[in-house]
Amino acid sequence: MKPTSQRRFRQFARSGILLLPIVIPAHLYADTYYVVIAGLGGEPEYAQQFTAAAKELEKTFRASGPNAHTLLLVGDEASSSHVRDTLHSVAVTARPEDDFVLILIGHGSFDDTTYKFNLPGPDISAGEIANLCNGIRARRQLIVDTTSASGGAIPSLRHPGRAIITATKSGTEKNATVFARYWVEALEDPSADTDKSESISALEAFTYATKKTAGFYDSQKRLATEHAVFVDTAGGVPVREPGGGEGTLLSSLTLLRIGSNHPSANTPARSALLQKKEQLEQNIDVLKYQKAAMDPSEYKQQLTTLLLELARTQREIDK
Amino acid sequence: MTHLSPLLLLLLASSWTPALQPDNCWLLKQHDRQREAVTCFKELLSSNDAANRAEGYWGLQDWDRSNEQFRLAVQTSASAAEAKVRWGMLLHERFNNKEAADLFREALAMDPSNADAYIGLALISMENFDGNAMAYVNKVLSLEPNNVKAHELAASLALDNDEPRQAAAQADKAIALDHDAVDAMAVRAALEVVSDRSPDAWINQIRTINPHYGRTYSEIAHHLELRYRHEDAATYYRKAIAAEPALWSAHSSLGIALMRLGEQEEAQKELELSYDNGYRNAATVNSLRLLDSYRNYVTVQDGDTILKLKKTESELLRPYLQAELHTIIATYNRKYAMTLPGPIQLEVYPDHEDFAVRTTGMPGLGALGVTFGEVIAIDSPSARRPGDFNWGATLWHEMSHAYVLFATHDHVSRWFTEGLAVHEEGEHVTEWKNRATPDVLIAIRDKKLLPILQLDRGFVFPQYPSQVTVSYFQAGTICDFIKEEWGESTLLAMIHSYAARHTTSEVIQQVLKTTPENFDQQYLAWIEKHYGPEASQFAHWQQQIKSLLIADQNKEWDTVAHVGPAVIALYPDYVGEGNAYELLAEGYHASQNPASEAAILAAYAQAGGQNPASLKRLAALQESRKDPAAAANTLTRINYIYPVNDPDLHQKLGGLFYQQKKFDESVREYSAALASNPVDKAGVQYQLARSYLATGNRRNAEESVLAALEIAPSYIPAQQLLLELHPSSGK
């Protein structure tokens, strides 16, 4: 293992402690630990692609702010022993209020029973990955497995408080995937922020990457050989769209903050406005939930009223 | 006076029971002695000969049992070759041409001079329009010069091939050999009808032999269909059914003809009738499936146009298609000095197999679009790989057919209407002009272009695999040549001449004031001038492009930059896969030379290149060079190639139009982006709202901004726009 990985992690820990007095209070934004692993490419072209994607992600996460702690394993560093060490170190450092995100890029294999993530040297099984992640006490976890056959990992990876995204719906989709490239793109393209919250949730990133993947196969007029799914409840069934109880954790888990959404000091007046804004947003959510049962013109009128009020409130906040 | 064979006379005149011979049963049937025929077939069932039993079941329309008996017969019969041939004929009749052909070949392996086997192969070839039918017929005639069926087939093929004298001669030979050769008489009748003369004399003759012989009229209808005379064809299919109500093949053909005329309801009835009565060939089944699938389509009508679009695509494609059709109608109304009698019905198929159903039974039709009078069917852009298809060019092409067919009352040579349609594509947009593909250059080099009087054949009976493609090119360049030498108005004069029922030879002589032979010479000289150098250097180009591809694969960008321009100069028209333009662009991109990259991609686009990825790259370069108008023009080209499943394209184009203050176009593009299911719906709705507001449409602006905020209530720019739309609220 390159010494810098551990050193890098310790630097984060130290700098986190140093930065604490001047950063936003911990209850507002918890820390997020990102571990990005580019596995064995096999062929030079794949190796280059996987490494490039992993590095792009690292760059994106690092730039997202001081609450992001990123660990990257590529090339020879990405051996199973280094993976264990890295996840152990996150387990030691992450707090219960933090989030943890593991992203696997590369090839996977599935022999009808066991999924394995291909690494230089011995591969690592989904079961072992799950055990390592189970030791991390984070409030919420997200594992994004972008590899071939990744759907085969889901049964082993399930855990309360953990959302799983896989590039394939089962272990039998064994062709190399393109999902990873669009997952990376999702975190670099502001249009992925579909609710304009100036942050990209895991669900938004999943939706973006899934649509783009489908578009890729359509443009080639090829039959899609990968169908990404997610599951974010312990006993749930993997799905392609939110619904039936799936999607809540994914939609609430912010992967990346973008734009100028840096919280600033709150005066009592500003706090009141923020509270009003939150209330209005909740009222809009309630109204939207009732839409199907309402007269369309009545719905439109009420929506317009609430949105106008929200707009005026935001204008006041921005002053 | 009708002459009847002695055997037949005996059969008809007496109660004499002949030895069990299937031919006799079929003869009775052919002469409309149905009851006797049934009795005859039933008697065959008790034969000791499995082949006879098979014929008996066949005649009684118990095809499964007939099939079983033939299977037995080929194993046990002393004349297994004959049994195989008859079995093959049964399978051919029951829509299994593949196995039928296998049986005919097996029979020939056992008996190489089996004429009936060649007849079978000819019948299959005729159905497939594969160009081999006449060879099989000639083989039969070499073995049996007096084979009546062979002469009948030769007559029909000659008429398919627009050789009326030959058709008449062959038909007359058949009739001379057999006075009851009804199929030959049917060809004679068809000859009269296609020449707009009365067929009554021949039909009356046929009726004396069999008053209920529906195939007479089906034969006529077939030849009318090949001449685009679909209404007339439908009329004759109706006559076929009137004469022989249980002729299910005619019901099916009528159904298909009615689909071509846009008469869906009756088409469905006829097709269902034939299906329910066991006539389940591929055309019937596929047509019914297509009609079923129309529940997934929506029909949108405005004054001049009726669009039938798949629901999933209609919101996106409708504005583009309607706008283009209106432009075409205005252009052609002016150019051809006429107006179509009714609205154009355009069907757009995302599934190419559905489009293929519409062209069933019509040989050598374009693979992209087809016109049946005022009904046009095309592939949707989503049916094809991006870059393979240009719906705009196809629409201009097909609409040209609609005008020419109407103007000439469907009396126009195939080559001329195709040539004019190809010519029109290039008249509208230079990049859509007729390009010489490699197949065309090879045909020019190898002197395979046809004399103008034979050019129709190149479409219907191709003699080599690419001849249909080459014929389209040739026909199009003939029209280009005519425009250049005689003027554009001459083409209109030729339309009028065809409308006056002149033949191609007469049209050339009367309008162009030259002979067909002289015309051919002049045209070939023109071709030599325009394409001769490329054609003669084609082999050299092939070598050079291979070297360029290798250099590209090895990332030898200096070599690519050095060799590429010379390769383009050898064959500038080539913009297909692996073309030098794109290879050069890749090289310039790798060498970080955006100016050269932009220049070569612009040349690619001008030459007719259609790869959306390359055109997008060109647009990006144009935009980075502060030329949004050029970028917008480039992206607009892609709208004609692959506007589907690409919200980013429309969003980008919408932004460019907005920047240039072309707000109506911006609205169109953002609407298209929305219809393409974008990831960022709120963002697109907001941009659409801005565009609406810029056009002064506050109502739609509000609808769109509310839609944006409904998705993303915290979307600040949309909030600001909403406040702008409600300036008096809550200040």
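## A buried threonine in chain A

The side chain of A:Thr168 reaches the backbone oxygen of A:Ser170 at 2.7 Å. This geometry, like the rest of the report, comes from a predicted model. A:Thr168 sits in the loop that runs between strand 8 (162–166) and helix 6 (179–186) of chain A. Although placed in a loop, A:Thr168 has a relative accessible area of 0%, so the residue counts as buried, the limit being under 20%.

Beyond its neighbours within four places in sequence, A:Thr168 is in contact with several stretches of chain A. Among these partners are A:Thr147, A:Ser148, A:Ala149, A:Ser150 and A:Gly151. Others include A:Glu226, A:His227, A:Ala228 and A:Val229. A:Glu173 and A:Thr177 are also in contact with A:Thr168.

## Chain A as a whole

Chain A holds 10 helices and 11 strands. Of its 319 residues, 49% count as buried. Among the contacts in chain A with a separation of 6 or more, residues 24 or more positions apart account for 68%.

The domain assignment divides chain A into domain 1 (26–265) and domain 2 (266–319). The C-alpha centres of domain 1 and domain 2 of chain A are 34 Å apart.

## Chain B as a whole

Chain B has 39 helices and 5 strands. Taken along the principal axes, the C-alpha atoms of chain B fill a box of roughly 110 × 65 × 55 Å. Of the 731 residues of chain B, 55% count as buried. For contacts in chain B between residues at least 6 apart in sequence, 57% join residues at least 24 apart.

## Nonpolar cores

The largest nonpolar core has 156 residues. The members that touch the most other members are B:Leu321, B:Leu346, B:Met399, B:Trp415, B:Phe416, B:Met494 and B:Phe519. Not counting residues up to four places away in sequence, B:Met399 touches B:Leu325, B:Ile328, B:Ile329, B:Tyr332, B:Ile344 and B:Ile376. A second, separate core of 58 residues includes B:Ala167, B:Ile203, B:Tyr236 and B:Tyr237.

## A buried glutamine in chain B

B:Gln610 is found in the loop between helix 32 (594–606) and helix 33 (612–624) of chain B. Its relative accessibility is 17%, and B:Gln610 therefore counts as buried under the 20% limit. The side chain of B:Gln610 makes a polar contact with the side chain of B:Asn390 at 3.0 Å.

B:Asn390 is also one of the residues in contact with B:Gln610 when neighbours within four places in sequence are left aside. The same list includes B:Gly387, B:Asp388 and B:Phe389. The remaining partners of B:Gln610 are B:Tyr604, B:Leu615 and B:Ile641.

## The interface of chains A and B

The size of an interface is often given as the accessible area lost when the parts come together. Chain B and chain A bury about 2600 Å² between them, and 60% of this area is on carbon and sulfur atoms. B:Val679, B:Glu710 and B:Leu723 supply 26% of the area that chain B buries against chain A, more than any other three residues. In terms of contacts, 32 residues of chain B meet 30 residues of chain A.

The rule finds 4 salt bridges across the interface of chain B and chain A. One salt bridge joins the side chains of B:Glu703 and A:Lys300, with an N to O distance of 2.6 Å. The interface also has 13 residue pairs in polar contact, both residues being at pLDDT 80 or more. On the side of chain B that touches chain A, the elements that give two or more residues are helix 37 (681–694), helix 38 (698–711) and helix 39 (716–725) of chain B. Helix 38 of chain B gives the most to that side, with 6 residues.

## Positive phi outside glycine

Most residues other than glycine have a negative phi. A:Glu198 is not a glycine, yet has a positive phi of about 60 degrees. A:Glu198 lies in the loop between helix 6 and strand 9 (199–201) of chain A and is partly exposed, with a relative accessible area of 28%.

B:Lys661 also has a positive phi, near 65 degrees. B:Lys661 is placed in the loop between helix 35 (647–659) and helix 36 (663–675) of chain B. The relative accessible area of B:Lys661 is 62%, so B:Lys661 counts as exposed, for which the limit is over 50%.

How values were computed: Residues are numbered from 1 along each chain as its sequence is written. Chains are lettered from A and ligands numbered from 1 in the order in which they are written. This is a predicted model: local features need pLDDT of at least 70, side-chain atom pairs count only at pLDDT 80 or more; totals for chains, interfaces and linings use all residues. Side-chain values use heavy atoms; hydrogens and water are left out. Helices (H or I, at least four residues) and strands (E, at least two) are DSSP runs, numbered from the N terminus. Buried means under 20% relative accessible area, exposed over 50%, partly exposed in between (1.4 Å probe, protein chains only). A polar contact is a pair of N or O atoms within 3.5 Å; within protein, one must be able to donate a hydrogen and the other to accept it, and residues adjacent in sequence count only if both atoms are side-chain atoms. Contact means heavy atoms within 4.5 Å. Domain bounds come from an automatic or database domain assignment. A nonpolar core is a set of buried Ala, Val, Leu, Ile, Met, Phe, Trp, Tyr and Cys residues joined through side-chain atoms within 4.5 Å. Buried area is the accessible area (1.4 Å probe) that two parts lose on being put together, summed over both.
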